[in-house]
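Subject: Structure handover: pockets

Hello,

Here is the structure I promised to pass on. Please open it first, then read my notes on its pockets below.

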Amino acid sequence: MLNPIRWTGGGLTLLDQRRLPAQTVYLKPKNVNQVADAIRTLAVRGAPAIGIAAAYGVVLGLKRLAKSSGARAAAVDQAGPFSEIVETLRSTRPTAVNLFWALERMRRRFLALPPAASLTAAVRALEAEAVEIHREDQASCAAIGRHGAELLPQKATVVTHCNAGILATGGIGTALGVIYQAADLGKTVRVFADETRPLLQGARLTAFELAHHGIDVTLMSDGMSAALFSRTPVDAVIVGADRIARNGDTANKIGTFSLAISARFHNVPFYVAAPVSTFDLSIARGHDIPIEERAEEEITRIGAGRAPRGVRAFNPAFDVTPARLITAIITDLGVIRPVTEQEITRVIGGRR
Ligand code: MRU
């Protein structure tokens, strides 16, 4: 199985997703800056995977600190350097809330250490916390898959966008987890994957991952969904999420909103699949979700060439789909339908 993040023998290995599908190259970041770089440049990407990688980044940072300050140094005296480690990781990408959620868990674990704890003890405790975050995400993906698979008919045609699969999480994925579980239940699933401009996570990662696991996948460009819906029966659109506001408005990869509008026009159910760690109940509505703006060159570069000089590019990495366009949110704790603040609170309240 493809594995985007591995923690073995106290070291981190990341599958470099920038090089897929042409090359399978692994990175072995040794310090917090290298982990931050891997997140910023999308070597590791997808909301849950970003959170997990950041948690391991904290452990690597703390290990360095233990090495330079002496293993017996008191952790409590290193609160300043610890905050810097967390800050370095926090500043990598602004939209996926799983990053901030995982870092907050790591910070709380650090602050809960007994006053006399050494840095060595702190490393051990935080390593256990990071491994637990990783393990929990694996279990969440499996639960999302189980809940979502029930929504698909025996023979299903599904559209997805970006990559919300194994490569984006610590387990079988969120949107793609639903597809893998449905296939495991003996359902026949055909997937249409948007290529996902501008960085082609759909073409490079989703098509690669689904084909690798024997799922029937057809690629289309982002603007083709309306044409598809108007001539082929489609049972569902299933996408992942980077941050879900209290009212259910959902930030996900740019292009998701257009796909949701197109699905509504054609009466195709539109599902978001996401773990509880992707909800941000401190944010009332999607309008307040910070959206990452990326470099113009991601748009103006055209293969080996480029758009005419002087042409500017609009390049938000995410958009927000209003809750009213979402048929249901498939979470690890169950299915939220209708997508309202009340129903979100009922299903996940107290867990986030
Ligand atoms: O920019 P990326 O590749 O990190 O964006 C990823 C997405 O938008 C995914 O759909 C989302 O993070 C959900 S991953 C389970």
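Which element gives the most to the lining of the largest pocket? It is α5, with 6 residues. Keep in mind that this is a predicted model.

The largest pocket

Its volume is about 320 Å³. Three elements each give two or more residues to the lining: α2 (47-69), α4 (97-111) and α5 (119-149). In total, 20 residues line this pocket. To find its centre, look for W101, E136, S140, D332 and R351, which lie nearest to it.

Two domains take part. Domain 1 (5-141) and domain 2 (150-348) each supply at least three residues of the lining. By class, the lining of the largest pocket holds 9 nonpolar, 5 polar and 6 charged residues.

The second largest pocket

Here the space comes to about 210 Å³. Which element gives the largest share of this lining? This time α4 does, with 7 residues.

The lining is made up of these residues:
- R90, V97, F100 and W101
- E104, R105, R108 and R109
- E129, D280 and R352

How do they divide by class? The lining of the second largest pocket has 8 charged and 3 nonpolar residues, and no polar ones.

One residue to look at in both places is W101. W101 is among the residues nearest the centre of the largest pocket, and W101 also lines the second largest pocket.

Best wishes

Notes
Residues numbered from 1 in each chain as written. Predicted model: local features only at pLDDT ≥ 70, side-chain atom pairs only at ≥ 80, totals over all residues. Heavy atoms only, no water. 1 Å grid on protein atoms, 1.4 Å probe; cavity = no way out; pocket = protein on both sides within 12 Å on 5 of 7 lines; lining within 4 Å. Points joined across faces, edges and corners; volume = space filled by probe spheres on them. Helix = DSSP H or I, 4+ residues; strand = E, 2+ residues; numbered from the N terminus. Nonpolar A, V, L, I, M, F, W, Y, C, P; charged D, E, K, R; others polar. Domains from an automatic or database assignment.
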